Amino acid sequence: MRNPVGREQGARERGGAGRRTARVRAGASGAGRRAARVLGAGAAVLAVTAGTAAGAAALDRAEADLAYHGVATLIAGETDVRLVPVNHGPSAVADATVRLQWSQPLADEQPGLPPGCARSGGQAVLCRTGALAVDGVGERIEVRVRLEGAPSEVFVDVDTVWSGGALDRNRLNDRQRVLVLDTGDEYHF
């Protein structure tokens, strides 16, 4: 029969203490794995929280449905565009910008743009809508411009270029293209 104490002594002589150290290191690795799991779980919670915050920010963003209704005419190279901005909601808009862009270049000299409107490049005019309440109708915007030459027809594109930070999920009713013929007739949109 062998002496169990002798086994321990032999194990120490053969480097058993090293094995014990190895076990301690293995234990440390286990503790390290547990710490990594805790940190990993914390990172997952942080990622979920950040994702929820980003989603909440998107949900908190005001939402509005802007549209424009109006009429355009063309007579001897001068176009008149009269439109009314409408906000179908669900949130109010403090201000927005509508762009009127013609398919023909604007003449260098213009009869004068209304307050709140400014020329943008060679073919466009930008106008402020002012505040738009939910299901509200804004102030009428009237723009008269002179085109280069005297085209027999012109396209007028109407669209929102800024909605005061509100999200507009229905962009179909605030982007329109109107063909206007040089007849003096009113073309409604």
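This is a walk through the charged pairs and one of the sheets of a predicted model.

Let us begin with the sheet, since several of the residues we will meet later belong to its strands. Five strands make up an open sheet, and reading across it gives the order β4-β5-β3-β8-β9, with antiparallel pairing. At the edges sit β4 (117-120) and β9 (175-181), each of which pairs on one side only. Averaged over the sheet and with direction ignored, neighbouring strands are turned by 20° against each other. If you would like to look at one pairing in detail, try β3 with strand β5 (residues 124-128): these two run in the antiparallel sense and are joined over 5 bridges. Within that region, Val-98 stands opposite Cys-127 in β5.

Now for the charges. Side chains of opposite charge can pair when their charged atoms come close. In this structure there are 10 salt bridges, and three of them are worth a visit here.

The sheet you have just seen holds one of them. Asp-159 forms a salt bridge with Arg-99, and their closest N and O atoms are 2.9 Å apart. Asp-159 belongs to strand β8 (residues 153-162) and Arg-99 to strand β3 (residues 97-102), so this pair ties together parts that are 60 residues apart in sequence. How exposed or buried are the two partners? Asp-159 has a relative accessible area of 14%, so it counts as buried, the limit being under 20%. Arg-99, at 28% relative accessibility, is partly exposed.

A second salt bridge also links distant parts of the chain. Asp-80 and Arg-144 form a salt bridge in which the closest N and O atoms are 2.6 Å apart. Here Asp-80 lies in strand β2 (residues 78-87) and Arg-144 in strand β7 (residues 141-146), with their positions 64 residues apart in the chain. Asp-80 is buried, with a relative accessible area of 17%, whereas Arg-144 is partly exposed at 41%. These two residues do not stand alone: Glu-78, Asp-80, Arg-144 and Arg-146 are linked in a network of salt bridges.

For the third, go back to the open sheet and find the loop between β8 and β9, which is the place of Asp-174. What is the relative accessible area of this residue? The value for Asp-174 is 0%, and the residue is therefore buried. Which side chains does Asp-174 contact? One of its partners is Thr-160, whose side chain is joined to that of Asp-174 by a polar contact of 2.8 Å. Another is Arg-171, where the side chains make a polar contact of 3.1 Å. Asp-174 and Arg-171 also form a salt bridge, with the closest N and O atoms 3.1 Å apart. Arg-171 itself is partly exposed, with a relative accessible area of 28%.

Finally, a word on the aromatic rings. A pair of aromatic rings is described by the distance of the centres and the angle of the planes. How many aromatic pairs does a search of the whole structure find? The search finds 0. An aromatic ring does take part in another kind of arrangement, though: the charged end of Arg-177 sits over the ring of Phe-155, 4.7 Å from the centre of that ring.

Note on methods. Residues numbered from 1 in each chain as written. Predicted model: local features only at pLDDT ≥ 70, side-chain atom pairs only at ≥ 80, totals over all residues. Heavy atoms only, no water. Salt bridge = Lys/Arg side-chain N within 4 Å of Asp/Glu carboxyl O. Helix = DSSP H or I, 4+ residues; strand = E, 2+ residues; numbered from the N terminus. Buried < 20%, exposed > 50% of the residue type's maximum accessible area, 1.4 Å probe, protein only. Phe/Tyr/Trp six-rings, centres within 6.5 Å; stacked < 30°, edge-to-face > 60°. Lys NZ or Arg CZ within 6 Å of the ring centre and 35° of its normal. Pairing = 2+ DSSP bridges. Axes fitted to C-alpha atoms, helices over the stretch in contact; angles between N-to-C directions. Polar contact = N/O pair within 3.5 Å; in protein donor to acceptor, adjacent residues only side chain to side chain.
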